[in-house]
Amino acid sequence: MAELLTGAALAARAAEALEVPLQRSLGARLLDPAAPAAGAWFVVDGLASNGRGALHAAALGTMLELAAYLALLPSLSVSEDAVTHAIATQLVAAAKDGDRVEVRGQVDRRTRRLAFLSVVATADDRTIARAQLTKSILGPR
């Protein structure tokens, strides 16, 4: 069995994901630095705003994908990576400028070459979006 991402390797891969220029521009941060799979958060401002006082759907989509990737990391071996090849998103409610948005993902199923994930985005303890993602598992890295 291949060595799974844990400890420093898991933290490094999560940090790498947060340093992608788009995620960095949105101000993405881990909900729990000690547990990257827990998800991420950001504040609706700057690029995350739609210019009319609310969250831009494209910024939210980026963060939903990030949360799915973070949730999947502990299921990946050190030689694997993953890319999204399908996403379905439901925008349930709006978040306004200044809101803290939290995104949490979970692995629903992982096969050798696919992962199926669910993500929920919340602001002020209310659900603002849900997404179902399918990721292709790539390896070796």
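Entry 1, terms. I count a residue as buried under 20% relative accessible area, as exposed over 50%, and as partly exposed in between, using a 1.4 Å probe and protein chains only. The model is predicted, so I keep local features only at pLDDT of at least 70 and side-chain atom pairs only at pLDDT 80 or more, while totals for chains, interfaces and linings use all residues. I number residues from 1 along each chain as its sequence is written, and side-chain values rest on heavy atoms, with hydrogens and water left out.

Entry 2, the sheet. I took helices (H or I, at least four residues) and strands (E, at least two) as DSSP runs numbered from the N terminus, and I let two strands pair if DSSP finds at least two bridges between them. On that basis I find an open sheet of 6 strands in the order S1-S2-S4-S5-S6-S3, with antiparallel pairing. Strand S1 (29-30) and S3 stand at the edges with a single partner strand each, so one side of each is left without a neighbour in the sheet. S1 runs antiparallel to strand S2 (residues 40-43) and is joined to it by 2 bridges, and I noted Trp41 in S2 as the bridge partner of Arg29. Between S3 and S6, also antiparallel, I find 10 bridges, and here Ala88 stands opposite Gln132 in S6.

Entry 3, the hairpin of S5 and S6. These two strands run antiparallel and are joined by 10 bridges, and Thr122 has Thr127 in S6 as its bridge partner. The hairpin has 2 residues between the strands. Which residue of the hairpin takes a positive phi near 55°? I find that Asp124 does, and this residue lies in the loop between strand S5 (114-123) and S6. Asp125, in the loop between S5 and S6, also is not a glycine and has a positive phi of about 60°. I looked these up because most residues other than glycine have a negative phi, and most peptide bonds are trans. Asp124 counts as exposed at 55% relative accessibility, and Asp125 is exposed with a relative accessible area of 82%.

Entry 4, a cis bond. Gly139 and Pro140 are joined by a cis peptide bond with omega of about -15°; I place Pro140 in the segment after strand S6 (126-138).

Entry 5, a charge and a ring. I say that a charge sits over a ring if NZ of Lys or CZ of Arg is within 6 Å of the ring centre and within 35 degrees of the ring normal. The charged end of Arg100 sits over the ring of Trp41, 4.1 Å from its centre.

Entry 6, the largest pocket. On a 1 Å grid over the protein atoms alone, I take a pocket as an open set of points where a 1.4 Å probe fits, with protein on both sides within 12 Å along at least five of seven lines, and lining residues as those with an atom within 4 Å of a point. The largest pocket holds about 210 Å³ of space, the volume being that filled by probe spheres set on the points, which are joined across faces, edges and corners. It is lined by 15 residues, of which Ala17, Gln23, Glu65, Leu66 and Tyr69 are the closest to its centre. Helix H1 (7-18), helix H2 (21-25), helix H3 (57-72) and strand S3 (81-91) each supply at least two residues of this lining.
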